[in-house]
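Colleague: I would like to learn how to read a structure feature by feature. Could you take me through one, giving the general idea and then the case at hand?

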Amino acid sequence: MDFYKKYGSSENHREELIRKIEAAVNNLTLEELEALHYDMMTKNFIND
């Protein structure tokens, strides 16, 4: 799938990806959120 054709621009693509990620995160269990948080911390995406 060509996302740029579907969403029209890189900014629209970015916004759509953020919306999808937010929706997915809302459905994660506590254990899944903890695993995601740990993974993001070890990759320096989150600095606590």
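Colleague: Let me begin with a single residue: in which helix does Met-40 lie?

Modeller: Before the answer, please keep in mind that this is a predicted model. Met-40 lies in helix α3, which covers residues 30-42.

Colleague: Is Met-40 buried, exposed or partly exposed, and which residues beyond its sequence neighbours does Met-40 contact?

Modeller: A residue counts as buried under 20% relative accessible area and as exposed over 50%, with partly exposed in between. Met-40 has a relative accessible area of 28%, and it is therefore partly exposed. Leaving aside the neighbours within four places in sequence, Met-40 is in contact with Phe-45 and Ile-46.

Colleague: How does the span of α3 compare with what its 13 residues should give?

Modeller: The idea is to take 1.5 Å a residue and set the expected span against the distance between the end C-alpha atoms. For the 13 residues of α3 the expected value is 18 Å, and the end C-alpha atoms are 18 Å apart, so the two agree.

Colleague: What is the phi of Asn-44, and where does that residue lie?

Modeller: Most residues other than glycine have a negative phi. Asn-44 lies in the segment after α3, and its phi is near 60°, a positive value in a residue other than glycine. Asn-44 is also exposed, with a relative accessible area of 57%.

Colleague: Stepping back to the whole chain, how many helices and strands are there, and in what order do the elements run?

Modeller: The chain has three helices and zero strands, and from the N terminus on its elements run α-α-α.

Colleague: What share of the residues counts as buried, and how much area does the chain expose?

Modeller: Of the 48 residues of the chain, 6% count as buried. The chain exposes about 4,300 Å², and carbon and sulfur atoms supply 56% of that area.

Colleague: I would now like to turn to charged side chains. How many salt bridges does the structure hold?

Modeller: Side chains of opposite charge can pair when their charged atoms come close. This structure holds three salt bridges, and we can take them one by one.

Colleague: Which residue does Glu-16 pair with, and how far apart are the closest N and O atoms?

Modeller: Glu-16 forms a salt bridge with Arg-19, and the closest N and O atoms are 2.5 Å apart. Both residues lie in helix α2, residues 10-26, and they are three residues apart, about one turn of the helix. The side chains of Glu-16 and Arg-19 also make a polar contact at 2.5 Å.

Colleague: Are the two partners, Glu-16 and Arg-19, buried, exposed or partly exposed?

Modeller: Glu-16 has a relative accessibility of 17%, and so it counts as buried, whereas Arg-19, with a relative accessible area of 46%, is partly exposed.

Colleague: Which residues form the other salt bridges?

Modeller: One joins the side chains of Glu-15 and Arg-14, at 3.5 Å from N to O. Glu-15 counts as partly exposed at 41% relative accessibility, and Arg-14 counts as partly exposed at 47%. Another is formed by Asp-39 with Lys-43, where the closest N and O atoms are 3.3 Å apart. With a relative accessible area of 33%, Asp-39 is partly exposed.

Terms used
Residues numbered from 1 in each chain as written. Predicted model: local features only at pLDDT ≥ 70, side-chain atom pairs only at ≥ 80, totals over all residues. Heavy atoms only, no water. Helix = DSSP H or I, 4+ residues; strand = E, 2+ residues; numbered from the N terminus. Buried < 20%, exposed > 50% of the residue type's maximum accessible area, 1.4 Å probe, protein only. Areas by Shrake-Rupley, 256 points an atom, 1.4 Å probe, with all protein chains shown as cover. Salt bridge = Lys/Arg side-chain N within 4 Å of Asp/Glu carboxyl O. Contact = heavy atoms within 4.5 Å. Expected span 1.5 Å × (residues − 1). Polar contact = N/O pair within 3.5 Å; in protein donor to acceptor, adjacent residues only side chain to side chain.
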